[in-house]
Amino acid sequence: MRNFFGTATAVGLLWCMPAIAQAQSEVIVWVAGEPGQTTIYDELAEAFNASQSDATITVVKNSSDLFNPALIPALSAGEGPDLFTFGTGPGQPAALIAGGLVADLTDAYREHGWADTIPEGIIVQTSSDGKLWAFGNEVETTGMFYNQAIFDEAGVSVPTTWAEMEAVVSALQAAGYDTPIGLAAADKWPVSHWQSMMFGRYAGPEGIENVLFGDGEWTDAPFVAASAKLQQMGQAGWFGPTPVAIGYGELMDSFWAGDVPMTFTGPWVIGGGIQATGDRISDYSVFAVPPFEEGQAIHPTNSIGSGWYVREGSEVKEHAIAFLNSMFLETEGRVALLNAGTIPVGPLEDALAQADLSPLAQDIWKTSDDHAGNGTVPAFLDTITPGGLTTVSYDGLQGLLLNVMTPEEFTAEMQSAWAEAKEAGEIMLPGGIADE
Amino acid sequence: MLLDPNSRLAQRLNPILFLLPALSIYVVFAIYPTVSVIEYSFTDWDGISPERSYIGLENYRKMFSDRVFWEAFRNTFVWSGVILVINVGLGLVIAAMLARVWKARLLIQTCIVLPVVISPMAVATIWRWMYQPNGVINQLLDGIGLGALARPWLGDPSVVLYALAFAHSWSTIGLSVIIFLAGLQAVDEDLYEASRVDGATPLQQFRYVTMPALRPVTAVVFILTLTQSFKVFDIVWATTQGGPIRFSEILSTYMYKRGALENDYGYGSAIGVALLVIVSIATIIYLRLQNRKDQ
């Protein structure tokens with residue numbers, strides 16, 4: 001009997017040897033997002049794992065609030081994920097790059113022909129000193145989501161001028177909707193969507209770039225005017241009696257329940273909306289907020305919400321890059337992303353032909369495309385500016401809505417935080433990849 | 001060669017060996033981080049870079065001239081004041097009343113103590129919903145004809161801090177009540193008997209018998225509540241993140257924002273040290289009161 005067990009153990013060990021010798025490299029991927037909301041990356045990892053024999057992708061999700069506070073100490077300790085999402089633009093990644101915590105992706109950019117997929121405008125936001133630091137992966141936009149059934153009931157149609165917009169809001173208020181446009185200002189970041197769009201409308205793409213990469217200031221007249229307009233809308237009750245007491249989750253529940261006629265948000269809500277409304281989803285559509293002033297152009301908001309970074313100390317960089325390629329360069333990955341409501345960067349023709357986009361998703365992208373010729377502006381200033389400025393902006397936007405801060409005070413506080421960040425070297429220089 | 005267990009050296013080493021596991025954990029998870037935070041507070045570390053420079057007292061100089069720090073400082077004191085009034089004042093009254101209740105006492109006691117075991121994040125979620133403009137608090141006020149008092153509790157700068165302090169007290173007052181109840185059980189029943197013979201009303205008994213007898217226990221509850229209230233973070237962060245604007249910003253949330261969100265760990269650490277000093281002063285007072293009680 002003893003011999004039997006001894007032999008069985010030896011055979012078992014020999015059986016395991018090839019498997020041990022061919023152990024797969026594990027690539028740890030951190031994704032910011034609430035549980036259940038970023039399942040697409042699990043699916044993409046599963047597909048990648050099935051196609052690979054030498055690497056396994058493990059996706060770890062962390063809520064948006066806790067993502068950076070968990071990521072930064074992990075990276076600083078020389079640990080953390082091999083591949084992760086993080087903010088882009090001039091503000092947020094500067095410290096990561098300066099600290100040598102993220103890998104230079106320039107060689108991968110050249111080797112895998114990323115230039116064919118990633119537009120130049122996104123390269124600018126993800127590179128500095130001639131090197132590429134992040135794969136700017138997906139495009140985000142924002143628009144005014146509205147409930148067509150409520151519009152029909154109130155006898156109003158989609159506004160194309162500011163006067164019509166005012167008329168729509170008045171009609172909805174008269175019809176008993178005390179919150180014509182839902183705004184979840186308790187969570188602060190949703191107000192930043194309005195701020196980004198309105199700053200872009202009033203200053204134009206050049207005005208925004210002049211501040212981000214030039215010598216423009218947040219106290220310049222267009223930003224003060226945009227802040228004043230937002231405050232006026234708040235005072236006129238457009239966002240309801242108490243926007244700063246409303247959280248994003250509660251607002252979206254009310255919106256999909258048909259209690260709030262409009263809200264300004266992005267395509268990431270569509271999946272939840274389909275789940276919440278079922279067939280009623282056909283009641284919902286999107287329009288571009290009309291120009292706020294005479295002669296103002298509509299600049300669609302267009303941002304990369306975040307980019308993908310590879311940890312400098314990672315021992316599985318090539319596998320991490322292979323996973324990026326499978327998600328964003330290969331048609332299957334791009335189709336899967338599109339079906340999940342995520343728009344990958346680069347030409348979409350092939351993927352769109354195979355994708356099954358919801359009508360609401362098509363609406364928001366059509367709305368964006370219709371005005372793209374005017375030039376686009378960032379959808380999320382809060383993700384591309386330094387943390388100090390984001391805090392001041394969030395607090396100040398609530399201050400505007402509560403009418404305890406003037407537009408001049410708000411923009412002055414923003415400029416002060418921006419200047420402080422610039423002085424501390426927290427702002428990246430304009431990007432672009434150096435020639436070989 | 002093994003040490004003789006009866007030797008003087010072995011007898012001296014024994015207690016140290018028994019203490020060593022707990023002491024190691026305490027050093028690694030309490031002492032070392034505390035010393036590190038004090039060290040970081042003298043640096044310009046951003047929490048990311050491998051290098052950091054020592055900048056002396058610069059972070060403290062910045063802190064003393066930082067308007068937001070003083071707003072958070074003031075809010076922290078208001079916050080603690082409200083919690084002290086509720087947890088100590090109301091806690092004592094509830095305990096005194098419970099001590100006289102025999103029927104359903106266990107049930108009432110359980111109801112009061114139950115929130116203590118709920119996680120702070122769950123408490124925050126519960127109260128965030130209850131404080132909604134159309135939440136149960138406002139519905140209740142409407143229902144009893146006090147609709148004029150209904151308001152957006154977490155969106156109104158004038159009440160948000162008090163509303164959150166109340167929610168925090170709801171989840172912690174049970175501990176105060178338990179401590180007071182334990183103290184009440186030690187009060188000599190003869191004192192009540194004598195006061196009754198002297199014609200004292202229940203209110204007079206509370207004022208002249210219960211309160212003086214519970215003075216040492218009250219000191220304990222006072223200091224415990226004070227130190228705990230200064231350290232609170234979860235409920236504020238999970239409900240308002242210090243807003244609207246900064247009307248519910250307390251030192252712990254401000255420290256987190258500056259340190260973890262704005263990557264200014266040096267400055268965040270300085271705020272942490274300030275908090276440590278305040279809590280330490282409170283603890284010293286507590287220990288002195290304890291010593292006086294022991295003597």
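In strand β11 of chain A, which covers residues 284–287, A:Val286 is the bridge partner of A:Phe145. A:Phe145 belongs to β8(A), residues 143–147, and β8(A) and β11(A) are antiparallel, paired over four bridges. I count two strands as paired if DSSP finds at least two bridges between them. Strands here are DSSP runs of E with at least two residues, helices are runs of H or I with at least four, and both are numbered from the N terminus.

Before going on, a word on the source. This is a predicted model, in which local features need pLDDT of at least 70 and side-chain atom pairs count only at pLDDT 80 or more, while totals for chains, interfaces and linings use all residues. Residues are numbered from 1 along each chain as its sequence is written, and chains are lettered from A and ligands numbered from 1 in the order in which they are written.

Back to β8(A). Another partner is β10(A), residues 262–265, joined to β8(A) by four bridges, again antiparallel. There, A:Gly143 has A:Thr265 as its bridge partner. Is β8(A) enclosed or open? Five of its five residues are buried, so β8(A) is largely enclosed by the rest of the structure. Buried means 20 or more other C-beta atoms within 10 Å of the residue's own, exposed means 12 or fewer, and partly exposed is in between, with C-beta atoms placed from the backbone.

Next, the open sheet. Five strands of chain A are ordered β2-β1-β3-β12-β6, with mixed pairing. Why is one side of β2(A) and of β6(A) left without a neighbour in the sheet? β2(A), residues 55–62, and β6(A), residues 135–136, stand at the edges and each has a single partner strand, so that side is left free of a neighbour. For β6(A) the pairing is with β12(A), residues 307–310, antiparallel and through two bridges; A:Gly136 is matched there with A:Gly307. β12(A) also pairs with β3(A), residues 83–86, antiparallel over four bridges, and A:Leu83 has A:Val310 as its bridge partner. Both faces of β12(A) are covered, with A:Gly307 and A:Tyr309 buried on one side and A:Trp308 and A:Val310 buried on the other.

Now a helix residue. A:Ala225 lies in α10(A), residues 221–235. With 19 C-beta neighbours inside 10 Å, A:Ala225 counts as partly exposed. Its C-alpha atom is 9.2 Å from that of A:Met198, which is 27 residues away along the chain.

On domains, the bounds come from an automatic or database assignment. For chain A that gives domain 1 as 11–140 + 303–373 and domain 2 as 143–299 + 385–423. Their centres, taken over C-alpha atoms, are 29 Å apart. In contact are 13 residues of domain 1 and 22 of domain 2, where contact means C-beta atoms, placed from the backbone, within 7 Å.

Last, the chain interface. Chain A contributes 23 residues to the contact and chain B contributes 21. On the chain A side, the elements giving two or more residues are α3 (64–76), α4 (94–98) and α18 (387–401). α18(A) gives the most, with six residues.

Notes:
Contact = placed C-beta atoms within 7 Å.
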